[in-house]
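Please consider the chain shown below and follow its architecture from the overall composition to the interior.

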Amino acid sequence: MTLQVLMAFALARPIVSQATTQRPAVTRDTTVLLRYLGNSGWWIRTPAGSLVIDYVGRNAARDNIGPRLVALRPSELSDRPVAIIATHEHDDHFATGLLAWADSVPRGSVAAGGPSPLRPQDMRLEPRTSVTVGPARLWTIRSTDSGVGLLARIGDVTIYHAGDHARWVDEIDGDYRAEVDHLASLGMAVDIAFVPMAMGSRCNATESLRTGAMYAIARLKPRVTVPMHVRCGGVMGERYQAFADAASAAGYTAVAPRAIGEEFSYAEGRLTRRTR
Ligand SMILES: [Zn+2]
């Protein structure tokens with residue numbers, strides 16, 4: 001290489017880097033993406049940040065949850081702020097393995113309800129409070145099981161995730177309704193409601209649970225409802241579809257997940273199944 005060429009190269013470098021910095025910014029992704037993570041686990045990704053809730057990952061394997069044992073990888077969370085939330089400590093909603101992820105997100109981005117299963121630096125979700133967790137704002141209620149149910153605002157999307165707040169049996173009807181009523185009293189426009197509608201190791205979809213889920217839909221008026229809390233891989237799809245059909249018959253819009261790892265887009269009040 002001649003001296004002239006070397007000098008030309010040296011002079012050219014700042015021009016090249018300047019051109020690089022002046023390149024138009026890449027258009028931001030405006031898609032709201034949802035991915036079903038199994039049982040009551042969901043990943044909701046908005047342009048402003050994402051929310052991982054009740055993801056149990058590999059712990060779910062013993063519950064015959066299906067072939068996709070890992071439905072979300074930490075590397076998928078690295079391009080925007082994230083809130084990692086467990087509604088309570090039961091092992092169909094929380095896995096200690098999740099805390100390995102917590103090391104890579106800023107302080108204040110990890111929270112859980114129920115008897116504190118988390119590290120000392122993480123947030124504990126108390127019932128009937130409003131807190132900010134990373135990019136998400138939460139409004140909580142006391143679950144009829146353990147921990148909390150909640151409304152979460154992430155980006156422009158508001159979700160209701162019941163955790164294990166459900167009308168498990170008729171006898172708890174009053175407690176169940178009171179907490180749903182509390183969230184309804186906040187007057188927030190709910191985009192998507194995630195409601196438990198099955199219980200136990202056989203994932204029974206009981207009339208009591210369905211009554212409770214329908215009550216939550218009627219009070220919170222989500223644009224779309226998604227059934228959850230079926231961990232029996234063999235009957236998952238049919239249980240969810242039966243609930244969605246019942247909700248539709250009652251005049252509501254509901255979408256039934258078919259597989260763990262399945263993705264959906266949400267826009268203008270519509271939840272659309274994506275093909276991967
Ligand atoms: Zn549960």
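The paragraphs that follow describe the secondary structure, the sheet and the nonpolar core in turn.

The model is predicted. Its chain contains five helices and 14 strands. Of the 276 residues, 43% count as buried. Contacts that bridge long stretches of sequence are also present: among those between residues at least 6 apart in sequence, 62% join residues at least 24 apart.

Strands of a sheet pair through backbone hydrogen bonds, either parallel or antiparallel. In this chain, eight strands form an open sheet with mixed pairing. Read across the sheet, their order is β6-β5-β4-β3-β2-β1-β13-β14. The edges are occupied by β6, residues 123–125, and β14, residues 270–273, each of which pairs on one side only. From one strand to the next, the twist averages 20°.

One pairing within this sheet may be examined in detail. Strand β4 comprises residues 82–86 and strand β5 residues 110–113; the two run parallel and are joined by three bridges. I84 has V110, in β5, as its bridge partner.

Attention now turns to the interior. Which residues touch the most other members of the largest nonpolar core? This core has 76 residues, and those with the most contacts to other members are L51, V52, I85, Y160, A193 and F194. I85, which falls within the range of β4, can serve as an example of such a residue. When residues up to four places away in sequence are not counted, I85 touches L51, V52, I53, A111, A112 and V133. Of these partners, L51 and V52 are themselves among the core residues that touch the most other members, while A111 and A112 fall within the range of β5.

How values were computed
Residues are numbered from 1 along each chain as its sequence is written. This is a predicted model: local features need pLDDT of at least 70, side-chain atom pairs count only at pLDDT 80 or more; totals for chains, interfaces and linings use all residues. Two strands pair if DSSP finds at least two bridges between them. Helices (H or I, at least four residues) and strands (E, at least two) are DSSP runs, numbered from the N terminus. Axes are lines fitted to C-alpha atoms, for helices over the stretch in contact, and angles run from 0 to 180 degrees between N-to-C directions. A residue is buried if 20 or more other C-beta atoms lie within 10 Å of its own, exposed if 12 or fewer, and partly exposed in between; C-beta atoms are placed from the backbone. Two residues are in contact if their C-beta atoms, placed from the backbone, lie within 7 Å. A nonpolar core is a set of buried Ala, Val, Leu, Ile, Met, Phe, Trp, Tyr and Cys residues joined through C-beta atoms within 7 Å.
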